[in-house]
Amino acid sequence: MAAKNIGAVPVVDRGKLLGILSERDYTRKVILKGKSSKKTLVQEIMTARLVTVCPDDTVGECMRLMTDKRTRHLPVLDNGEFVGILSIGDVVRWMISAQTATIDQLTKYIYGE
């Protein structure tokens with residue numbers, strides 16, 4: 001994960017999402033407990049009780065879930081099929097982009113462009 005600069009990876013078996021393994025899982029369940037990385041199985045430390053969203057959910061709904069459930073990654077399921085992961089970074093980038101577009105539109109309106 002460090003080499004790819006990502007904070008979590010999906011755990012999938014035969015196309016079915018089983019959980020997510022995050023840096024937080026690894027830190028709290030391996031490093032802080034003094035376990036061996038080479039001997040610890042992914043299924044022992046992954047987060048299996050997932051909060052998920054679907055492609056039709058709004059960014060606002062996803063932000064609320066991330067805040068309420070204290071999670072940084074939301075698996076996206078489309079009719080039960082795993083299609084991706086939405087990260088808090090994705091949400092922040094989208095919010096900045098939306099706010100920048102709004103500011104640009106208002107500036108053009110004010111100055112008559």
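A residue counts as partly exposed when its relative accessible area falls between the buried range, under 20%, and the exposed range, over 50%. Val42 fits that middle class, because its relative accessible area is 41%. The model looked at here is a predicted one, and Val42 is a handy place to start. Val42 sits in helix α2, which covers residues 42–45. Setting aside neighbours within four places in sequence, Val42 is in contact with Val11 and Leu21. Ile20 is 22 residues away from Val42 along the chain, and the C-alpha atoms of the two are separated by 9.3 Å.

Next come the strands at the start of the chain. Strand β1 (residues 8–13) pairs with β2 in the antiparallel sense, over 6 bridges. Within this pairing, Asp13 stands opposite Lys16 of β2. The hairpin leaves 2 residues between the strands, and Arg14 takes a positive phi there, near 55 degrees. Strand β2 runs over residues 16–22, and 5 of its 7 residues are buried, so the rest of the structure largely encloses β2.

What about the nonpolar interior? In soluble globular proteins, nonpolar side chains tend to be buried together. Here, the largest nonpolar core is made up of 7 residues: Val53, Cys62, Leu65, Met66, Leu74, Val76 and Val91. Two elements, α3 (59–69) and β3 (73–78), give two or more residues each to this core. Helix α3 gives the most, with 3 residues. Apart from this core lies another, of 5 residues, with Val11, Leu21, Val30 and Met46 among them.

Two members of the largest core show what surrounds it. Val76 is in contact with Val53, Cys54 and Pro55, and also with Glu81, Phe82, Val83, Gly84, Ile85 and Leu86, leaving aside neighbours within four places in sequence. Val91, for its part, belongs to helix α4. With a relative accessible area of 6%, Val91 is buried, since anything under 20% counts as such. Its contacts, again leaving aside neighbours within four places in sequence, are Val59, Met63, Met66 and Leu86. Val91 and Val9 lie 82 residues apart in sequence, and their C-alpha atoms are 17 Å apart in space.

Helix α4 itself takes up residues 88–111. At 1.5 Å a residue, its 24 residues should span 34 Å, and the end C-alpha atoms are 35 Å apart, so the two values agree. Just after α4, Gly112 takes a positive phi of about 70 degrees. On the other side of the helix in sequence there is Ser87, which lies in strand β4 (residues 81–87). Ser87 is buried, because its relative accessible area is 17%, under the 20% cut-off. Ser87 touches Met66, Arg72, His73 and Arg93, not counting residues up to four places away in sequence.

Then there is the largest pocket, with a volume of about 550 Å³. Of the 23 residues that line this pocket, Ser22, Arg70, Thr71, Arg72 and His73 are the closest to its centre. At least two lining residues each come from β2, α1 (23–31), β3 and α4. The largest share of the lining is supplied by α1, with 5 residues. Arg72 and His73 thus turn up twice in this account, as contacts of Ser87 and beside the centre of the pocket, among the lining residues closest to it.

Terms used:
Residues numbered from 1 in each chain as written. Predicted model: local features only at pLDDT ≥ 70, side-chain atom pairs only at ≥ 80, totals over all residues. Heavy atoms only, no water. Helix = DSSP H or I, 4+ residues; strand = E, 2+ residues; numbered from the N terminus. Expected span 1.5 Å × (residues − 1). Buried < 20%, exposed > 50% of the residue type's maximum accessible area, 1.4 Å probe, protein only. Pairing = 2+ DSSP bridges. Contact = heavy atoms within 4.5 Å. Core = buried A, V, L, I, M, F, W, Y, C linked by side-chain atoms within 4.5 Å. 1 Å grid on protein atoms, 1.4 Å probe; cavity = no way out; pocket = protein on both sides within 12 Å on 5 of 7 lines; lining within 4 Å. Points joined across faces, edges and corners; volume = space filled by probe spheres on them.
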